[in-house]
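Work through the exercises below with the sequence and the model side by side, trying each task before reading its solution.

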Amino acid sequence: MITYATVEEAERALGRAMTWVEAAWFRHSGSTPDYCLYFESLVILIAAYSLTALPLALFELCMPAKLILPYKLQPKVWFSSAAFIQCYKGAARVLVLLTIGPLLYLPYPIVKIAGIRTGLPLPSAEEVALQLLVYMLMEDYLGYWLHRLLHCEWAYDNIHYVHHEYPAPMGFAAGHSHWAELLILGFPAFFVTIIVPCHMATLWLWYAIRAAMAVETHSGFDFPFSPTKLIPFYGGVERHDYHHSGGRMMQSNFAPLFVICDYIYGTDDYRHHRASLVKVRFYYCNFTTLLKDMANISAKKEVFDGSNCRKKD
């Protein structure tokens, strides 16, 4: 909560006029307790996950197949509307229960102790960009080892198998996990903000970006115009889609964001897979074979309606 009662008082304390962003933050947080601002970060996380995955689902359901196939990583697998709804309902239910449960009560005291602030001034764009870069690198390292741990026999059979129920993932599958896995793999994203404290507005942005990137890597579509293509050493959707295709036996491509850890620790098998992937995608994008596939697409494609999910691969 901002302690200044008026805009004039806040600007006197700052020694300058507020920017329009700071003025908007003042109006929103001036009378809002810090506890509520932290809760809003969880709402933003769920909203970013939902709103990023929804257009991808509509793209697959509504667009003609000839427009979808050039970007689809597993062109033989298609999802029905029932599969999208089932996946989202299951993920949203767990996310909401965790949000109104342990995530609502336990982390907030740590947030206060760590020094995540809510007042003015807001951080500069340079500070925010540097913090986000540090968060991505730290979370990628921690997430790599936790994800790799979840592929041990006991952890996979009891926890991680839920997330791999979609060997060809969709955007909503980013949140389709056992509740324990959401806590385990979500911990690094929270932990890095405690190690490197930030402003609450930066925390909101970090959670929104992280949720959108998780959806992107599970989308099943490799769009050449994606902004993530500009990020150096970014693993992207191709590597994670390949990871999902291997199920229980997959022991590679664990890093959530970058290729660095997989390369260093010898778990980057995607380079060997890419050649065969290019051949498959070329076949389905070829004009003559596309006409043949379109004529028989209802008979040949695998439609996931949720009923074919298995506990173990």
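## Exercise 1: Salt bridges

Asp268 and Arg239 form a salt bridge through their side chains, with 3.4 Å from N to O. The pair joins distant parts of the chain, since Asp268 lies in the loop between H13 and helix H14 (270-285) and Arg239 in helix H12, 29 residues apart. The model is predicted, so that local features need pLDDT of at least 70 and side-chain atom pairs count only at pLDDT 80 or more, while totals for chains, interfaces and linings use all residues. Residues are numbered from 1 along each chain as its sequence is written, and side-chain values use heavy atoms, with hydrogens and water left out.

Task: find how many salt bridges there are, and describe the surroundings of the pairs Arg16 and Glu22, and Glu153 and Arg248.

Solution. Begin with the rule: a salt bridge is a side-chain nitrogen of Lys or Arg within 4 Å of a carboxyl oxygen of Asp or Glu. The count by this rule is eight salt bridges. Next, sort residues by cover, where buried means under 20% relative accessible area, exposed over 50%, and partly exposed in between (1.4 Å probe, protein chains only). Asp268 and Arg239, the pair named above, are both buried.

Now take Arg16 and Glu22, whose side chains meet at 2.9 Å, N to O. Arg16 is partly exposed, at 36% relative accessibility, whereas Glu22 is buried, at 3%.

Then turn to Glu153 and Arg248, a salt bridge of 3.6 Å, N to O. Because Glu153 lies in helix H9 (residues 153-158) and Arg248 in the loop between helix H12 (236-246) and H13, the pair ties together parts that are 95 residues apart in sequence. Glu153 is exposed, with a relative accessible area of 56%, while Arg248 is partly exposed, at 23% relative accessibility. Finally, a network of salt bridges links Glu153, Asp157 and Arg248.

## Exercise 2: Helix H8 and the nonpolar patch

Task: describe the span of H8, say which of its residues are buried, and find which elements give two or more residues to the nonpolar patch.

Solution. Helices here (H or I, at least four residues) and strands (E, at least two) are DSSP runs numbered from the N terminus. The expected span of a helix is 1.5 Å times one less than its number of residues. For H8, with 26 residues, the distance from the first C-alpha to the last is 36 Å, close to the 38 Å expected.

The second step concerns cover: the buried residues of H8 include Val128, Leu132, Met136, Gly143 and Leu150. An α-helix has 3.6 residues a turn, so residues three or four places apart point the same way. The buried residues of H8 pack against H9, H10, H11, H12 and H13, where contact means heavy atoms within 4.5 Å.

The third step is the surface. Patches are made of residues with over 30% relative accessible area and no salt bridge, with like charges joined within 9 Å and nonpolar side chains (Val, Leu, Ile, Met, Phe, Trp, Tyr) within 5 Å. Among the members of the nonpolar patch are Leu130, Trp145, Phe233 and Tyr265, and its residues together have about 1000 Å² of accessible area. Two or more residues come from each of helix H8 (125-150) and helix H13 (260-264), and H8 gives the most, with five residues. Tyr141 has its place in helix H8 and is partly exposed, with a relative accessible area of 40%.

## Exercise 3: Helices H10 and H11

Task: where does H10 bend, and how many of the residues of H11 are buried?

Solution. First, H10 (residues 179-195) has 17 residues and reaches 24 Å between its end C-alpha atoms, close to the 24 Å expected. A bend of about 35° occurs at Phe187, with the proline Pro188 following within four residues; the bend at a residue is the angle between axes fitted to the seven residues ending there and the seven starting there. Buried residues of H10, including Ala180, Leu182 and Phe190, pack against helix H5 (81-99), helix H7 (107-114), H8 and helix H11 (200-218).

Next, the end C-alpha atoms of H11 are 27 Å apart, which agrees with the 27 Å that its 19 residues should span. H11 is mostly covered, as 14 of its 19 residues are buried. Gly220, with a positive phi near 85°, follows H11.

Methods:
Accessible areas come from the Shrake-Rupley method with a 1.4 Å probe; for residues, only the protein chains shown count as cover.
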